[in-house]
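Welcome, and thank you for opening the viewer. Let's walk through this model together, one selection at a time.

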Amino acid sequence: MTQVLQSVASFQAWRKENVGTVTLGFVPTMGGLHEGHLALVRRALEENDKVAVSVYLNRTQFNKLEDFEKYPAVFEEDLRMLDELGVDAVFAPSYEEMYPDDYRYKVSESELSTELEGEHRPGHFDGVLTVVLKLLMAANATRAYFGEKDWQQLALVKGMVDAFFLPVEIVPCPTIREESGLAMSSRNRRLSTEGLEKAARFNQILNTAESEESAVAALNSEGFEAEYVADRGDRRLGAVVLEGVRLIDNVERS
Ligand SMILES: Nc1ncnc2c1ncn2[C@@H]1O[C@H](COP(=O)(O)OP(=O)(O)OP(=O)(O)O)[C@@H](O)[C@H]1O
Ligand SMILES: CC(C)(CO)[C@@H](O)C(=O)[O-]
Ligand code: BAL
C-alpha cells in the first residue's frame, strides 16, 4: 500500500525509516495524473529502490486565479493509479505545510525565467523554482524526474540544482503524446471532444511550419490564440489557448 504523507515531518520520518541508504526516486506533480506522469513514475520505479511522488497543486506558480481554480483536483483517482504502480509514498501537503513563511522567501532566476512562459505568466517560475526547491529538500532523493514537455521548467530546475549544489540527479523524460501527436496534459481534460481533435494541430504546426511567424499565423488562422512560438537552439517551443485552455508544447526543429 502506498503511504500518504501530508506533513514535511512525516515525509522525512517515512524517508528515514523506509529509504535509509538505498536509492530514492522522486516525481513532483500537481495531480490530475495521465500517462505522461505515469511514464515518469515507471522510470523512477525502474531506476530506484524506492519511489515517492508529490501531488501538490502549487498556487504560487499560477498567475491567473481562474487557471488555478479550474485545474483538475482528483486526488483519490491519482492515488489509486500510483498505488497500482507500486509507488511507496505520496507526499500531499497543504499550502500551510509547504509555505510556513507564506511565500516570503522565494527563489528567482533573472534571465531564462523572464522569457517565453515567464513573459506570459509573470511570477510563474519564481513559484515553480521555490516549490521545487522545497520539495527537493523535503524528499532528499537520489534522482528527480521531470518531463521535457515543460522544457523551460526543466532547464531552470537543472540550473537551480547546479547553482545551489543540490545533491540530486535531475532526470529528463521525453514527452508522452496521444496518437494524434497532442502532448498529454492535465489541462486536456478541460477540452471538448472537438477541441481535443483540433488541439492535435498545435503539435503538427510546430513540426511543419517554416518559421516562428508562419507557425503563429497558421495557429491563429485555425482557431488557436497563439501566445508565442519561439525557436531556441534545436527546439521550437510554443504556447496557445484553445477553448480557454492554455496548452504548451515543444518539438525538435527539423
Ligand atoms: N505529456 C507528458 N510527457 C512527459 N512528461 C510530462 C507530460 N505532461 C507532464 N509531464 C511532466 O510531469 C510533471 C508534472 O507535470 P504537471 O503536474 O504540471 O502536469 P501537466 O500535465 O504538465 O500539467 P499541465 O500540462 O496542465 O501544466 C512535470 O515534470 C511535467 O513536465
Ligand atoms: C514541477 C511542478 C510539480 C512544481 O509545482 C510543476 O510545475 C509541474 O507539475 O510541472
Ligand atoms: N508547467 C507546469 C505546470 C503549470 O502549468 O503551472
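Before we start, one working definition: a residue belongs to the shell around a ligand if its C-beta atom, placed from the backbone, lies within 6 Å of that ligand. Helices such as α7 are DSSP runs of at least four residues, numbered from the N terminus. Please also keep in mind that this is a predicted model.

**Stop 1: the whole chain**

Show the chain as a cartoon. You will find 10 helices and nine strands. Along the principal axes, the C-alpha atoms fill a box of roughly 55 × 40 × 35 Å. How does the radius of gyration fit with a compact globule? For 254 residues such a globule would have a value near 18 Å, and the chain has 18 Å, so the two agree.

Now colour by burial if your viewer allows: 37% of the 254 residues count as buried. Contacts reach along the sequence too. Among contacts with a separation of 6 or more, 67% are between residues 24 or more positions apart.

**Stop 2: H37 and helix α2**

Select residues 35–47, which form helix α2, and look for H37 within this helix. UniProt, in an unreviewed entry, places the feature "active site" at H37. Is H37 buried or exposed? H37 is buried, because 26 other C-beta atoms lie within 10 Å, and 20 are enough for that label.

**Stop 3: ligand 1**

Keep α2 on screen and add ligand 1. This ligand is surrounded by 18 residues, and the closest are M30, G36, G147, M184 and S185. Which element gives the largest share of the shell? That is α2, with four residues. Highlight β5 (143–147) as well, since α2 and β5 each supply at least two residues of this shell. Colour the shell by class and you should see eight nonpolar, seven polar and three charged residues.

**Stop 4: ligand 2**

Next, select ligand 2 together with P28, T29, M30, N58, Q61, V128, V131, V132, D150 and Q153, the residues around it. Two or more of the shell residues come from each of β2 (24–29) and α7 (124–139). The largest share belongs to α7, which provides three residues. By class, this shell holds five nonpolar residues, four polar and one charged.

**Last stop: M30**

Finish by selecting M30 and showing both ligands. M30 is one of the closest residues to ligand 1, and M30 is also listed among the residues around ligand 2.

Terms used. Residues are numbered from 1 along each chain as its sequence is written. Chains are lettered from A and ligands numbered from 1 in the order in which they are written. This is a predicted model: local features need pLDDT of at least 70, side-chain atom pairs count only at pLDDT 80 or more; totals for chains, interfaces and linings use all residues. UniProt positions are given in the numbering used here, feature names are shortened, and annotations may be inferred rather than shown by experiment. A residue is buried if 20 or more other C-beta atoms lie within 10 Å of its own, exposed if 12 or fewer, and partly exposed in between; C-beta atoms are placed from the backbone. Ala, Val, Leu, Ile, Met, Phe, Trp, Tyr, Cys and Pro count as nonpolar, Asp, Glu, Lys and Arg as charged, and the others, Gly among them, as polar. The radius of gyration is taken over C-alpha atoms; the globule rule is 2.2 Å times the number of residues to the power 0.38. Two residues are in contact if their C-beta atoms, placed from the backbone, lie within 7 Å.
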